[in-house]
Structures are given as structure tokens and as C-alpha cells.
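Before reading on, please take a moment to look over the sequence and the fold together. The briefing that follows moves from single residues to the whole chain.

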Amino acid sequence: MSDIALRPAEVLADAIRRREVSSRKLLEHYLARVDELNPPLNAVVTTEPDRARAAADGADVAIA
């Protein structure tokens, strides 16, 4: 399974704890997927990428 977005949440959380991936990098990956896949689905109605980025950056600082 090469796409990180398809990994289970517990695997992703462990990768973040082990600093294999940052919260910010994972967030950016998911935001890009929403941009790519959402238009025909309209499953995600509202996003707040700036707030999400701030939260991800805070999480990365807390782990460091």
C-alpha cells in the first residue's frame, strides 16, 4: 500500500509519533486529496485549511 492516505489511523498516528511523517505533511496530503477527489462527490462542503495547518503545526511542535 503506497498511498499514505489509505493506511489505518492507528498506523498514521504511530508514524507521526515516530516522526516518520509530520502532522503538517499528512494534512497537506489529505487537503490535496480533497481538492482532487471532492468536486464530483461534493462530500466535503467546508474546509478550514488555515486552522487545520495551525493545529498540525502545533501538534508537530508538541511532539518535537
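In which helix is N38 found? The residue N38 is found in helix α2, and the structure in which it is seen here is a predicted model. The chain as a whole has 3 helices and 0 strands, and the points below begin with two buried residues of α2 before turning to α1, the loops, a proline in α3 and the overall figures.

**N38 in helix α2**

- N38 has a relative accessible area of 13%, and a residue is called buried when this value is under 20%, so N38 counts as buried.
- The side chain of N38 reaches the backbone nitrogen of A43 at 2.7 Å, and it also reaches the backbone nitrogen of V44, in this case at 2.8 Å.
- When residues up to four places away in sequence are not counted, N38 touches R33, A43 and V44, so the list of contacts includes both of the residues whose backbone nitrogens its side chain reaches.

**S23 in helix α2**

- S23 also has its place in helix α2, and with a relative accessible area of 13% it is buried.
- Leaving aside neighbours within four places in sequence, S23 is in contact with I16, A56, A59 and D60.
- Of these partners, I16 belongs to the buried residues of helix α1, while α3 covers residues 49–63.

**The two sides of helix α1**

- Which residues of helix α1, which runs over residues 9–17, are buried? They are L12, A15 and I16.
- These buried residues lie on the same side of α1, because they cover an arc of only 100 degrees around the axis.
- A general point helps here: an α-helix has 3.6 residues a turn, so residues three or four places apart point the same way.
- On the other side of α1, E10 and R17 are exposed.
- The buried residues of α1 pack against two partners, namely α2, which covers residues 23–41, and α3, which covers residues 49–63.

**Positive phi angles in the loops**

- Most residues other than glycine have a negative phi, and it is against this background that the next two residues may be read.
- R19, which follows α1, has its place in the loop between α1 and α2, and its phi is near 65 degrees, a positive value in a residue other than glycine.
- At 56% relative accessibility, R19 counts as exposed.
- N42 is found in the loop between α2 and α3, and its phi, near 55 degrees, is likewise a positive value in a residue other than glycine.
- N42 is exposed too, with a relative accessible area of 54%.

**P49 in helix α3**

- Is P49 of helix α3 buried, exposed or partly exposed? At 25% relative accessibility, P49 counts as partly exposed.
- P49 and L31 are 18 residues apart in sequence, and in space they are 7.6 Å apart when the distance is taken from C-alpha to C-alpha.

**The chain as a whole**

- From the N terminus on, the elements of the protein chain run α-α-α, and the C-alpha atoms fill a box of roughly 35 × 30 × 15 Å, taken along the principal axes.
- Of the 64 residues of the protein chain, 19% count as buried, and N38 and S23 have both been described above as buried.
- Among the contacts in the chain with a separation of 6 or more, 62% are accounted for by residues that are 24 or more positions apart.
- The accessible surface of the protein chain comes to about 4,700 Å², and 56% of that surface belongs to carbon and sulfur atoms.
- The chain carries 9 positive and 11 negative side chains, and the centres of these two sets lie 4 Å apart.

Technical notes
Residues numbered from 1 in each chain as written. Predicted model: local features only at pLDDT ≥ 70, side-chain atom pairs only at ≥ 80, totals over all residues. Heavy atoms only, no water. Buried < 20%, exposed > 50% of the residue type's maximum accessible area, 1.4 Å probe, protein only. Helix = DSSP H or I, 4+ residues; strand = E, 2+ residues; numbered from the N terminus. Arc of directions from axis to C-beta. Contact = heavy atoms within 4.5 Å. Areas by Shrake-Rupley, 256 points an atom, 1.4 Å probe, with all protein chains shown as cover. Lys, Arg positive; Asp, Glu negative; His and termini not counted. Charge placed at Lys NZ, Arg CZ, Asp CG, Glu CD. Polar contact = N/O pair within 3.5 Å; in protein donor to acceptor, adjacent residues only side chain to side chain.
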